[in-house]
Amino acid sequence: MTKLIAKAEGDRDVVVTRRFAAPPEKVWKAITDTALMRQWMTSDFGALKSLTGEAVVGGQHHFTWDNEGTDMNMIATYDLLEAPTLIRHRESWPEYGYMENHIETRLIAVEDGTEMHMVITFANAEARDQTLAVGMTEGMEATYANLDKLLAG
Amino acid sequence: MDTLDTRLAALADPTRRALIQRLAQGEATVAELCQPFGISQPAISRHLKVLEQAGLIETRIEGTARPRRLRHQAIAETAAWFGPFLATLDARFRALDQVLAAMPDLPTERKDP
């Protein structure tokens, strides 16, 4: 039930679907409240160093993650917030020339919680392919390099 | 056959990963793919065949040309397992599961008045 499903659609969209065991109101709060966002917008792929701002229409969140010793920044700008069902925002990445993704997030009430339906629209087809295909292969290069080290040690 | 196992086996080779990275910049013919790799056309063709059988790429037919291109659907599905972009999203959503479990019920959720 909690598996992330990703699909490529059209030239530059990626559609992500994921279910959560909580009603939409609760999911909405967790994904828009800055203090709660600090608790989960972090992972082994990048520890959240700081998060400031507010999810209001026209407002922004500024994220900084630690990416193996260097800062990775992202600015989220909110264009639409219709609690508890719809968010439209843009994510821009200063380290990547402010390349901007448009994201539409819908929260749909289902029997045992919430289905999140997210459409990520990349700046262009090349940006999507770079992110998915190059990211995937580079991720694997890193994995194989670690495996080599492990086997050598 | 284009299961996840087949795709991973196809990607368990540095030349084939490099070919995927090259095709992420746009479709290319076998001749175009040979240039940067400095290996023979038959060798490149063999690698492309493995990637195509795994469903990661496809061949477009244009007159006598046979440019190869990425199959976006398969790339997205495979990246959901191994790409940092979707893997990061997945890791965050697992953390979000924990946050949701720890949150007190909202007033709208209370069953009794």
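**Exercise 1. Domains of chain A**

Task: Find how far apart the centres of domain 1 and domain 2 of chain A lie, and describe their contact.

Solution.
- Step 1. Over C-alpha atoms, the centres of domain 1 and domain 2 of chain A are 24 Å apart. This is a predicted model.
- Step 2. Place the bounds. Domain 1 of chain A covers 5–122, and domain 2 covers 125–153.
- Step 3. Count the contact. Domain 1 of chain A gives 5 residues and domain 2 of chain A gives 4 residues.
- Step 4. Sort by class. On the domain 1 side, 3 residues are nonpolar and 2 are charged, with no polar residues.

**Exercise 2. The sheet of chain A**

Task: Work out the strand order of the open sheet in chain A and name its edge strands.

Solution.
- Step 1. Trace the strands. The sheet has 8 of them, in the order β1-β2-β8-β7-β6-β5-β4-β3. The pairing is antiparallel.
- Step 2. Look for strands that pair on one side only. These are β1 (5–9) and β3 of chain A, the edge strands.
- Step 3. Check the twist. On average, neighbouring strands are turned by 20 degrees against each other, direction ignored.
- Step 4. Inspect the β1 edge. β1(A) pairs with β2 (residues 13–20) of chain A through 5 bridges, in the antiparallel sense. Here Ala6(A) has Val16(A) in β2(A) as its bridge partner.

**Exercise 3. Two hairpins**

Task: Follow the chain from β3(A) through β4(A) to β5(A), and find the turn residues with positive phi.

Solution.
- Step 1. Start with β3 (residues 47–53) and β4 (residues 60–67) of chain A. They run antiparallel and are joined by 6 bridges. Gly53(A) has His61(A) in β4(A) as its bridge partner.
- Step 2. Read the turn. The hairpin of β3(A) and β4(A) has 6 residues between the strands. Gly58(A) lies in this turn, with a positive phi of about 85 degrees.
- Step 3. Move on to β5 (residues 70–82) of chain A. It pairs with β4(A) over 8 bridges, again in the antiparallel sense. Phe63(A) stands opposite Met74(A) in β5(A).
- Step 4. Read the second turn. There are 2 residues between β4(A) and β5(A). Glu68(A) in this turn has a positive phi of about 50 degrees.

**Exercise 4. Helices across the sheet**

Task: Identify which strands of chain A are crossed by α1(A) and by α5(B).

Solution.
- Step 1. Take α1 (residues 24–32) of chain A. This helix lies across β2, β7 (99–110) and β8 (113–121) of chain A. Its angle to β7(A) is about 155 degrees.
- Step 2. Take α5(B). This helix lies across β1 and β2 of chain A, and it runs at about 155 degrees to β1(A).
- Step 3. Combine the two. β2(A) is crossed by α1(A) and by α5(B).

**Exercise 5. The contact between chains, and its confidence**

Task: Describe the side of chain B that touches chain A, then check the confidence values.

Solution.
- Step 1. Count. Chain B contributes 35 residues and chain A contributes 38 residues.
- Step 2. Assign elements. In chain B, α2 (14–23), α5 (72–82) and α6 (84–102) each supply at least two residues. α6(B) has the largest share, 15 residues.
- Step 3. Sort by class. The chain B side has 22 nonpolar, 7 polar and 6 charged residues.
- Step 4. Check chain B. Its average pLDDT is 88, and 93% of the residues score at least 70. Confidence is lowest in α5(B), at a mean of 82. It is highest in β1 (residues 57–59) of chain B, at 96.
- Step 5. Check the complex. The predictor gives an ipTM of 0.89 and a pTM of 0.83.

Technical notes. Residues are numbered from 1 along each chain as its sequence is written. Chains are lettered from A and ligands numbered from 1 in the order in which they are written. This is a predicted model: local features need pLDDT of at least 70, side-chain atom pairs count only at pLDDT 80 or more; totals for chains, interfaces and linings use all residues. Two residues are in contact if their C-beta atoms, placed from the backbone, lie within 7 Å. Helices (H or I, at least four residues) and strands (E, at least two) are DSSP runs, numbered from the N terminus. Ala, Val, Leu, Ile, Met, Phe, Trp, Tyr, Cys and Pro count as nonpolar, Asp, Glu, Lys and Arg as charged, and the others, Gly among them, as polar. Two strands pair if DSSP finds at least two bridges between them. Domain bounds come from an automatic or database domain assignment. Axes are lines fitted to C-alpha atoms, for helices over the stretch in contact, and angles run from 0 to 180 degrees between N-to-C directions. pLDDT is the predictor's confidence in each residue, from 0 to 100.
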